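Subject: A structure for you to look at

Hi,

I am passing on a structure that I have been going through, and I hope you enjoy looking at it. Please open it alongside this email.

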Amino acid sequence: MLAEIAATQLAATEAYFGAAVNYGDANLNGAINEMRIYNGPVSPLQVALNHAAGPDNVVTNPGALLALRLVVANTNMVSLSSQSVTVYADYANVTNVNVTTAGASYSTGNSNIVSAAVPGVIRAIVPGTTLLTASFGGSNVSRTITVTNTPMVLAHRWSFNNGAD
């Protein structure tokens with residue numbers, strides 16, 4: 001069970017940033033540019049918006065959704081392989097917002113060829129060509145994915161002729 005308490009209720013011995021909690025552990029060797037504390041839960045989209053805007057910027061109004069981009073590293077896949085895909089949203093006031101797991105949904109034209117059951121991951125199943133579509137904020141973007149059979153490769157070779165015969 002999670003309990004919510006105000007930061008002012010924490011004992012001074014519990015409120016450290018960068019200090020080691022366990023004896024023998026090293027303290028943080030670095031710098032903290034920014035730390036944010038909210039008075040309630042923050043949605044995955046708000047986290048993505050703030051991340052895209054960068055430190056010292058809090059996005060309260062991203063503006064209208066202008067574009068959606070689906071990045072697929074390799075549109076030619078081998079059956080039984082998987083790869084990550086990324087969806088970026090461009091708003092009027094902030095761009096390159098990674099919405100892959102912040103509300104984007106995925107579908108394929110033929111789920112027997114490519115499966116998109118896990119957000120941000122596609123799996124090639126059998127040979128064929130199908131359309132992968134990402135949807136977010138009322139917009140859609142698609143990429144064609146082609147799946148081929150796993151190439152046959154020589155796994156082992158034994159030679160029993162030593163030339164003495």
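Below is what I found, going from the overall layout to single residues. Please keep in mind that this is a predicted model.

**The overall layout**

The protein has one helix and nine strands. Starting at the N terminus, the order of these elements is α-β-β-β-β-β-β-β-β-β. Of the 165 residues in the protein, 24% are buried. The accessible surface is about 11,500 Å², and carbon and sulfur atoms account for 54% of that. If you look at contacts between residues at least 6 apart in sequence, 48% of them join residues at least 24 apart.

**How some of the strands pair**

A good place to begin is strand β9, which covers residues 139-148. Which strand pairs with β9 in the parallel sense? That is β2 (residues 76-78), with three bridges between the two. Within this part, N76 sits opposite T146 in β9.

β9 also pairs with β8 (residues 128-136), this time in the antiparallel sense and over nine bridges. Here F136 faces S139 in β9. β8 and β9 form a hairpin with two residues between them. In the turn you will find G137, which has a positive phi of about 55 degrees.

**Two salt bridges**

How many salt bridges does the structure hold? There are two. As general background, side chains of opposite charge can pair when their charged atoms come close.

One salt bridge joins the side chains of D90 and R69, at 3.1 Å from N to O. D90 lies in strand β3 and R69 in strand β1 (residues 65-72), so this pair ties together parts that are 21 residues apart in sequence. Are the two partners buried or exposed? D90 has a relative accessible area of 15%, so D90 counts as buried, the cut-off being under 20%. R69, at 31% relative accessibility, counts as partly exposed.

The other salt bridge is between the side chains of R36 and E34, at 2.8 Å from N to O. Both of these residues are partly exposed: R36 has a relative accessible area of 26%, and E34 has one of 30%.

**A closer look at D90**

D90 deserves a second visit. The strand that holds D90, β3, runs over residues 82-91. Besides the salt bridge with R69, a polar atom of the D90 side chain lies 2.9 Å from the backbone nitrogen of N96. What else does D90 touch, leaving aside residues up to four places away in sequence? The list is A64, L65, L66, A67, R69, T95 and N96. So R69 and N96, the two residues just mentioned, are both on the list of residues that D90 touches.

**A nonpolar patch on the surface**

Finally, have a look at the outside of the model. F17, L28, I32, M35 and I37 make a nonpolar surface patch of about 550 Å². One of these residues, I37, is located in the segment before α1 (44-53). I37 is exposed, since its relative accessible area is 62% and the cut-off for exposed is over 50%.

If you would like a short route through the model, start with the β8 and β9 hairpin, go on to the D90 and R69 salt bridge, and finish at the patch that includes I37.

Best wishes

Conventions
Residues are numbered from 1 along each chain as its sequence is written. This is a predicted model: local features need pLDDT of at least 70, side-chain atom pairs count only at pLDDT 80 or more; totals for chains, interfaces and linings use all residues. Side-chain values use heavy atoms; hydrogens and water are left out. Patches are made of residues with over 30% relative accessible area and no salt bridge: like charges are joined within 9 Å, nonpolar side chains (Val, Leu, Ile, Met, Phe, Trp, Tyr) within 5 Å. Accessible areas come from the Shrake-Rupley method with a 1.4 Å probe; for residues, only the protein chains shown count as cover. A salt bridge is a side-chain nitrogen of Lys or Arg within 4 Å of a carboxyl oxygen of Asp or Glu. Helices (H or I, at least four residues) and strands (E, at least two) are DSSP runs, numbered from the N terminus. Buried means under 20% relative accessible area, exposed over 50%, partly exposed in between (1.4 Å probe, protein chains only). Contact means heavy atoms within 4.5 Å. Two strands pair if DSSP finds at least two bridges between them. A polar contact is a pair of N or O atoms within 3.5 Å; within protein, one must be able to donate a hydrogen and the other to accept it, and residues adjacent in sequence count only if both atoms are side-chain atoms.
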